[in-house]
Amino acid sequence: MFRGANLLNIDAKGRIAMPTKHREDLLVQSSGDLVITAHPHGCLLIYPQIAWEPIQSKIMALSSFDKKSSALQRLLVGYAEDISLDTAGRLLLSQVLREFAKVERQAMLVGQGSHFELWDKEAWDLQIQNATEQEVSSMPIELEGFSL
């Protein structure tokens with residue numbers, strides 16, 4: 001279970017250091033083998049490889065003749081890259097994916113249970129600002145009656 005938000009620096013080679021608290025879980029789950037891909041909201045998704053495989057299978061089972069389905073296939077599977085933690089616990093982000101997510105110097109790594117989202121720091125700040133300004137009436141119907 002991946003949770004928590006971490007501010008990460010991106011080095012000159014385009015690498016991020018995975019927070020120590022997640023490294024062991026990633027090594028146990030997938031030997032440090034991960035998949036990183038583009039998300040329609042403009043961030044990157046990072047999955048342990050074993051967790052990504054059933055998702056990719058479902059996406060590829062969609063009809064390529066449907067415009068929405070094929071657009072999702074192009075984005076999620078087309079941008080997907082296999083990456084591995086190096087011995088120092090770092091991940092190398094490709095130039096293509098850094099450009100997609102507009103990630104340059106700082107990024108937010110946000111645990112989402114089974115995976116992570118990686119956001120450009122400024123884009124993340126905007127996401128949080130928008131989320132905190134939402135009215136209760138604009139919440140998804142599935143959350144009706146939900147309280148914290």
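## Sheet, cores and a buried histidine

Strand S1 (residues 5-9) and strand S7 (residues 106-111) run antiparallel and are joined by five bridges. The model is predicted. Within this pair, Leu7 of S1 stands opposite Met108 in S7. Asn9 faces Gln106 of S7 in the like manner.

The side chains of S1 alternate. Asn6 and Leu8 point to one face and are buried. Ala5, Leu7 and Asn9 point to the other face and are not buried. In a regular strand, such alternation between the two faces of the sheet is the rule.

S1 and S7 belong to an open sheet of six strands, ordered S1-S7-S8-S4-S3-S5, with antiparallel pairing. S1 and strand S5 (81-84) stand at the edges with a single partner strand each, so one side of each has no neighbour in the sheet. On average, neighbouring strands are turned by 30 degrees against each other, direction ignored.

Helix H5 lies across S1, S7 and S8. Its direction makes an angle of about 105 degrees with S8. H5 (residues 121-133) has 13 residues and reaches 18 Å from first C-alpha to last, close to the 18 Å expected at 1.5 Å a residue. At the start of H5, a side-chain oxygen of Asp120 comes to within 3.1 Å of the backbone nitrogen of Glu122.

The largest nonpolar core has 21 residues. Ile46, Leu91 and Leu118 have the most contacts inside this core. Strand S3 (33-38), strand S4 (44-48), helix H4 (95-101), S7 and S8 each supply at least two of its residues. A second, separate core has six residues, among them Tyr47, Trp52, Ile59 and Leu76.

Where does His115 sit? Its place is the loop between S7 and strand S8 (116-120). Is His115 buried or exposed? The relative accessible area of His115 is 12%, under the 20% limit, so His115 counts as buried. The side chains of His115 and Tyr47 are joined by a polar contact of 3.5 Å.

The table lists the contacts of two residues, leaving out residues up to four places away in sequence.

| Residue | Residues touched |
|---|---|
| His115 | Phe2, Leu45, Ile46, Tyr47, Val110 |
| Ile46 | Leu34, Val35, Ile36, Leu91, Leu109, His115, Phe116, Leu118 |

His115 thus appears in the list for Ile46, and Ile46 in the list for His115. Among the residues Ile46 touches are Leu91 and Leu118, which are named with Ile46 for the most contacts inside the largest nonpolar core. Tyr47, a neighbour of His115 in space, is one of the residues of the second core.

Notes: Residues are numbered from 1 along each chain as its sequence is written. This is a predicted model: local features need pLDDT of at least 70, side-chain atom pairs count only at pLDDT 80 or more; totals for chains, interfaces and linings use all residues. Side-chain values use heavy atoms; hydrogens and water are left out. Helices (H or I, at least four residues) and strands (E, at least two) are DSSP runs, numbered from the N terminus. The expected span of a helix is 1.5 Å times one less than its number of residues. A polar contact is a pair of N or O atoms within 3.5 Å; within protein, one must be able to donate a hydrogen and the other to accept it, and residues adjacent in sequence count only if both atoms are side-chain atoms. Buried means under 20% relative accessible area, exposed over 50%, partly exposed in between (1.4 Å probe, protein chains only). Two strands pair if DSSP finds at least two bridges between them. Contact means heavy atoms within 4.5 Å. A nonpolar core is a set of buried Ala, Val, Leu, Ile, Met, Phe, Trp, Tyr and Cys residues joined through side-chain atoms within 4.5 Å. Axes are lines fitted to C-alpha atoms, for helices over the stretch in contact, and angles run from 0 to 180 degrees between N-to-C directions.
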